[in-house]
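Subject: Structure handover

Dear colleague,

Here is the structure I promised to pass on to you. Please open it alongside this message, since the notes below are meant to be read with the model in view.

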Amino acid sequence: MGVDSSDTGVAAGHAGSLLDLVGLLYDAAAVPERWRYFLEAGARYFGAFGANFVRYDPIHPEYALGFLTGYGNETIEQQSGAVQLFVNLRHCDPRLSYGFDHPNKPFHCRQVVSSDILHTSRSYLEVLRPFGVEYSLLVMFRERPDGFTGLAFMRGPQDEVFGQSEVDEMGELVPHLQRALSIQDRLATMDQRTEASYRVLDGL
């Protein structure tokens with residue numbers, strides 16, 4: 001799973017609109033490399049220093065994606081390692097456990113887990129704290145039994161905790177995010193069929 005990244009500073013207040021974010025989502029569905037533009041704009045909108053989008057599918061690795069923004073001071077290797085560790089420790093993350101049990105439902109971390117429990121988890125000690133993440137706004141999807149898709153916006157310990165209004169706004173993005181993922185899958189299937197057709201033609 002590769003990682004695409006760019007630096008995003010913390011913005012005061014919101015930037016752009018939800019409608020702008022929806023448009024960027026559908027751009028990303030057509031061109032996966034554009035997920036980072038959605039993440040950058042989303043981070044600004046939600047007042048986050050960074051964001052990540054992870055799609056993990058061990059059965060269909062061609063659908064796997066990993067995008068991370070807000071960590072311009074970290075090397076690509078460090079960022080890629082953090083995303084892989086995040087995936088490997090998914091069952092040790094109390095936030096993700098809640099997300100898996102409540103798919104398609106946005107939440108912020110302090111709504112579902114106390115600071116004491118989060119701070120003793122392996123995911124916090126090995127991934128979140130080293131990368132400066134204290135608060136997160138998330139939504140999880142379980143498209144396939146062995147895989148998952150997750151979107152998160154992140155704030156540091158010096159920032160304010162996310163609120164219910166931001167959870168509600170993220171909820172407005174969820175149906176568009178689901179459609180964007182569906183479109184992306186259909187386009188990938190079409191590309192595979194086209195490539196297969198070309199291989200048949202080449203063999204004639």
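Please keep in mind throughout that this is a predicted model. I have grouped the notes by region, beginning with the strands.

**Strand S5 and its partners**

Strand S5, which covers residues 135-141, has 7 of its 7 residues buried, and it is therefore largely enclosed by the rest of the structure. In a regular strand the side chains alternate between the two faces of the sheet. In S5 both faces are covered, with Tyr 135, Leu 137, Val 139 and Phe 141 buried on one side, and Ser 136, Leu 138 and Met 140 buried on the other. Strand S4 (residues 107-108) pairs with S5 in the antiparallel sense over 2 bridges, and within that pairing Phe 107 stands opposite Leu 138. Strand S6 (residues 148-155) also pairs with S5 in the antiparallel sense, here over 7 bridges, and Ser 136 of S5 stands opposite Met 154 of S6. The connection from S5 to S6 is a hairpin through 6 residues.

**Strands S2 and S3**

Strand S3 (residues 65-69) is mostly covered, with 5 of its 5 residues buried. Leu 65, Phe 67 and Thr 69 point one way from S3, while Gly 66 and Leu 68 point the other way, and all of them are buried. S3 pairs with S2 in the antiparallel sense over 5 bridges, and one of the residues in this pairing is Arg 55, whose bridge partner in S3 is Leu 65.

**Two cavities**

Rolling a probe the size of a water molecule over the atoms shows where empty space is left. In this model there are 2 cavities of 30 Å³ or more, and the largest of them holds about 170 Å³ of space. Its lining consists of 15 residues, of which Asn 52, Leu 68, Phe 86, Val 127 and Met 154 lie nearest the centre of the cavity. Strand S2 (50-56), helix H3 (76-88), helix H7 (122-128) and strand S6 each supply at least two residues of this lining, and H3 gives the most, with 4 residues. Sorted by class, the lining of the largest cavity has 12 nonpolar, 2 polar and 1 charged residues. Met 154, which lies among the residues nearest the centre of this cavity, is also the residue that stands opposite Ser 136 in the pairing of S5 and S6.

The second largest cavity has a volume of about 50 Å³. Its lining is made up of Arg 55, Tyr 56, Asp 57, Tyr 63, Glu 143, Arg 144, Gly 147, Phe 148 and Thr 149, to which S2 and S6 each supply at least two residues. By class, these lining residues divide into 3 nonpolar, 2 polar and 4 charged.

**Helix H2 and the aromatic residues**

Helix H2 (residues 35-45) is mostly covered, since 8 of its 11 residues are buried, among them Trp 35, Phe 38, Leu 39 and Tyr 45. Just after H2, Gly 47 takes a positive phi of about 65°.

The structure holds 10 aromatic pairs. One of these joins Tyr 45 and Phe 46 in an edge-to-face arrangement, at 5.1 Å centre to centre and with 80° between the planes, and both residues are buried. Tyr 98 and Phe 107 form an edge-to-face pair as well, at 4.9 Å centre to centre and with 70° between the planes, and both Tyr 98 and Phe 107 are buried. In addition, Tyr 56, Phe 86, Phe 100 and Phe 148 form one aromatic cluster. Arg 142 lies over the face of Phe 100, at 4.5 Å from the ring centre, and Arg 155 lies over the face of Phe 162, at 4.0 Å from the ring centre.

**A loop residue to look at**

Most residues other than glycine have a negative phi. Asn 104, however, has a positive phi of about 70° although it is not a glycine, and it is found in the loop between helix H4 (94-101) and strand S4. Is Asn 104 exposed, partly exposed or buried? Its relative accessibility is 36%, so Asn 104 counts as partly exposed.

With best regards

Notes
Residues are numbered from 1 along each chain as its sequence is written. Side-chain values use heavy atoms; hydrogens and water are left out. Buried means under 20% relative accessible area, exposed over 50%, partly exposed in between (1.4 Å probe, protein chains only). Two strands pair if DSSP finds at least two bridges between them. On a 1 Å grid over the protein atoms alone, a cavity is a set of points where a 1.4 Å probe fits but cannot get out, and a pocket is an open set with protein on both sides within 12 Å along at least five of seven lines; lining residues have an atom within 4 Å of a point. Grid points are joined across faces, edges and corners, and a volume is the space filled by probe spheres set on the points. Ala, Val, Leu, Ile, Met, Phe, Trp, Tyr, Cys and Pro count as nonpolar, Asp, Glu, Lys and Arg as charged, and the others, Gly among them, as polar. Rings of Phe, Tyr and Trp (its six-membered ring) pair if their centres lie within 6.5 Å; planes under 30 degrees apart count as stacked, over 60 as edge-to-face and the rest as tilted. A charge sits over a ring if NZ of Lys or CZ of Arg is within 6 Å of the ring centre and within 35 degrees of the ring normal.
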